[in-house]
Amino acid sequence: MKIAQQISDAELEVMKVLWELGQATSSQIVACLSENTDWKPKTIQTLITRLAAKGAVAAEKTESKAYLYTPLISEEEFKSYANHSFLHKIYDGSVKMMLASFVKEQKISKAEIESLKKLLDEEE
């Protein structure tokens, strides 16, 4: 999953917009990101161009000469890569160590613990 590891945090924000919309023009992406960031339209356009160069999004010219951008990597693929990378980088690949750390460090409710137990039982 070489493409996933090349996506920066800022580029990930563009990908989130594309995952939500399915496909979008740069104007639509700029409109979405302008609501939650202080990024200039030129900055957002640069992020889109980088994602296209990396092969993370496809750019298709429309009749109006605008480009329509479509994600080439799914949100699930990216999350899978990110989970795997995090697990190996921080916990040497040990799910048990990760879960133990989360349970000890986070406020986890009894309902969440029961939900985790049920999930683990289903996986056996």
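In the predicted model, Glu11 makes contacts with Gln6, Leu47, Arg50, Leu51 and Lys54, when residues up to four places away in sequence are left out of the count. Glu11 lies in helix α2, and its relative accessible area of 2% places it among the buried residues, because buried is taken to mean under 20%.

The helix that carries Glu11 also packs on a sheet: α2, which covers residues 9–21, touches β1, β2 and β3, and its direction makes about 90 degrees with that of β3. The sheet itself is open and consists of three strands in the order β1-β3-β2, with antiparallel pairing. In this arrangement β1 (24–25) and β2 (57–61) stand at the edges, and each has a single partner strand, so that one side of each is left without a neighbour in the sheet.

The pairing can be followed residue by residue on both sides of β3. Strand β2 is joined to β3, which spans residues 67–71, by five bridges, and the two strands run antiparallel. Within this pairing, Val57 has Pro71 of β3 as its bridge partner, while Ala59 stands opposite Tyr69 in β3. Strands β2 and β3 form a hairpin in which five residues lie between them, and in the turn Lys65 has a positive phi of about 70 degrees. On the other side of the pairing scheme, β1 and β3 are joined by two bridges and likewise run antiparallel. Here the bridge partner of Ala24 is Tyr69 in β3, so that Tyr69 is paired with Ala24 and also stands opposite Ala59, in keeping with the strand order β1-β3-β2, in which β1 and β2 are the edge strands.

A further feature of the model concerns the surface, where Val95, Leu99, Leu116, Leu119 and Leu120 make up a nonpolar patch of about 390 Å². Two helices, α6 (95–105) and α7 (110–123), each supply at least two residues of the nonpolar patch, and α7 gives the most, with three residues. Among the patch residues, Leu99 is found in helix α6. The relative accessibility of Leu99 is 31%, and Leu99 therefore counts as partly exposed, since that class lies between the 20% limit for buried residues and the 50% limit for exposed ones. Leu99 also meets the requirement for patch residues of over 30% relative accessible area.

Note on methods: Residues numbered from 1 in each chain as written. Predicted model: local features only at pLDDT ≥ 70, side-chain atom pairs only at ≥ 80, totals over all residues. Heavy atoms only, no water. Patch = residues over 30% accessible without salt bridge, like charges linked within 9 Å, V, L, I, M, F, W, Y side chains within 5 Å. Areas by Shrake-Rupley, 256 points an atom, 1.4 Å probe, with all protein chains shown as cover. Salt bridge = Lys/Arg side-chain N within 4 Å of Asp/Glu carboxyl O. Helix = DSSP H or I, 4+ residues; strand = E, 2+ residues; numbered from the N terminus. Buried < 20%, exposed > 50% of the residue type's maximum accessible area, 1.4 Å probe, protein only. Pairing = 2+ DSSP bridges. Contact = heavy atoms within 4.5 Å. Axes fitted to C-alpha atoms, helices over the stretch in contact; angles between N-to-C directions.
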